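Trainee: Could we go through this model together, one helix at a time?
Mentor: Sure, pull it up and ask away.

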Amino acid sequence: MQTEYDAIIVGAGPSGSTAAILLAQAGWSVALIEKQRFPRRKVCGECIAASNLPLLDALGIGDAFTAVAGPELRRVALLCGAQSVSAALPASEDAKHPWGRALGREHLDVLLLQRAKAVGASVLQPCAAQSFSGQPGDFRCNVTTVDSDQALTLRAPVAIAAYGSWQPLPADRARRRVERRGSNLLAFKANFSNVRLEEGLLPVLSFRGGYGGMVIADHGTTTLACCIREDRLNACRQACRGETAGTVVEAYLRRECDGVRDALTGASRAGPWLAAGPIRPGIRLPRSGADVFLIGNAAGEAHPIVGEGISMAMQSAWLLCEQLVRSRDVLLHGVGAYKWQREIQERYAAQWRGHFRIRMRIAAWLAQAAMRPTVTARLLPMLRRAPMLLTHSARWSGKIRCAPNSPAIALLASMPVGLRPNQAPHRYAKTRVC
C-alpha cells in the first residue's frame, strides 16, 4: 500500500474534500483520511450560499449539485415568538448563480468525496488519524483502520487538518478538555417532511437561550437546526423527565416560536434528532508558528446563525490551496521546505482573517441578539419599517462574497489529469471566481 504522498489531509468533509480535489487536480498525490462511513447525516444547517456555486463548478460537481439541491433561496425571515419580518436575500453578481440553495450533508459530502477519488486522491475510509509528528517537509501521520485496528504510518511534506472543531485527534483530546459551562452552545438538527414552509424562504429563529433556522433542502425535505445553551436545555429536560434531548428541543422550539409550531403542524420527522457540540465559535488559526495547515472548522468557525459554515469550510480550503499550488515546486522538491511553509502559513492566515473575520463578528453580534428575544423584539418594529436591513445583514455576513481564485487553479481544474503540468505556474495574478 502506498504510504508516501505530497499531502495528507485529515477529514473528508467540505473543506477536506475540497482541498483534496484542488491539489489532486493540480497534480499532487493526496491521501484523504476519513473515519466515518459515507453517506452519513450530520448536524449542519446545510445552506450553501450563492458565492460557493462557481467554486462547485470549478471542483467539477456543479451540475450534480444543481440536479439534487433544494429550491433557490430568495428571501430571509426573522421569527421571534409570535412576530416575524421578512426581506429579500441579496443576489450574487454572478448571473449564472444568483441564489444559494441547500443540500443535505449526506449528499454534498458524497459528491465531493467521489469527485476527489475521480481526480486521483487516495481515500482511506473508514480510517482514524491518531496523531501528526515531524515538521514541514517531512510529516508523519499515524493511522488506524476502524474495522481492524490495523496501523500504518503515512509520510508527506504537507499536512492539512480538516476535521471538525469538536473532533480533535486522539493525541490532542486531553489538551482540549475544558470544564463544562452552562453557556456552552449545543447544536441540534432534524429533518421533516410535509412542512408548511414557503419555498425559497430562509427563516432565522430567535428564542430564549438559543437561535436556529429552517430551510427546504433536497427532495423536499426541510431541515430544522438550532443551537441552545446547555443550561437552558437542562432546565427544559428537568420539566420533561424521561424525554430525549432532541424531543425536548423540538417541544421547546414549538412553544417558543409560533413560526416553528405553524410550520411543523402536520409534518413528520424523518429520522432521529442529531446532536453535537459544544460548538466553538472563534478563530483558531494562528497568525504564524503552526506546522500543520488548518482549514474548515479546525481553523475557525462563525456562529451558525448566518449559515456560513459550509461556505467558510470550502473557501478556506480554496485560499490555502491557491497558495500551495503556486509554490508546489519548492514545497515538494526544493530545499528550505520548513521556511517556505512558514511563509505560506503567514500569508494564508492573513488572507483567512481578511476573508472571514468581519462575517464572524457579525455572526457573533446576531447570535447574541437572537438568544435574547426581548432584544430581538425591540428590533422588529425597525426591521418592519426598513426590511432592507435584513438584506444588508445577509450581505455583510458573506452571502455573496466570492471565493478567491487563481487562474492557475482554474486552468488545472479544466484540464484532463494526464495533461497537467508537473507544477503550477507562478506567474499568474490573482482574480476572483464570480
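**Two helices and the cores**

Mentor: To start, helix H13 (residues 388–396) has Leu 390, Thr 391 and Ala 394 as its buried residues; buried means under 20% relative accessible area, exposed over 50%, partly exposed in between (1.4 Å probe, protein chains only). This is a predicted model, where local features need pLDDT of at least 70, side-chain atom pairs count only at pLDDT 80 or more, and totals for chains, interfaces and linings use all residues. Residues are numbered from 1 along each chain as its sequence is written, and side-chain values use heavy atoms, leaving out hydrogens and water.

Trainee: Within what arc do the buried residues of H13 fall, seen down its axis?

Mentor: Take the directions from the helix axis to the C-beta atoms. The buried residues line one face of H13, because they fall within an arc of 100 degrees.

Trainee: And how many residues of H1 are buried?

Mentor: H1 covers residues 14–25, and its buried residues include Pro 14, Ile 21 and Gln 25. The helix is largely enclosed by the rest of the structure, because the buried count is 12 of the 12.

Trainee: Which helix gives the largest share of the largest nonpolar core?

Mentor: A nonpolar core is a set of buried Ala, Val, Leu, Ile, Met, Phe, Trp, Tyr and Cys residues joined through side-chain atoms within 4.5 Å. Of the 109 residues in the largest one, Leu 23, Trp 28 and Leu 324 touch the most other members. The largest share of this core, 10 residues, comes from helix H9 (residues 309–326).

Definitions and conventions
Helix = DSSP H or I, 4+ residues; strand = E, 2+ residues; numbered from the N terminus. Expected span 1.5 Å × (residues − 1).
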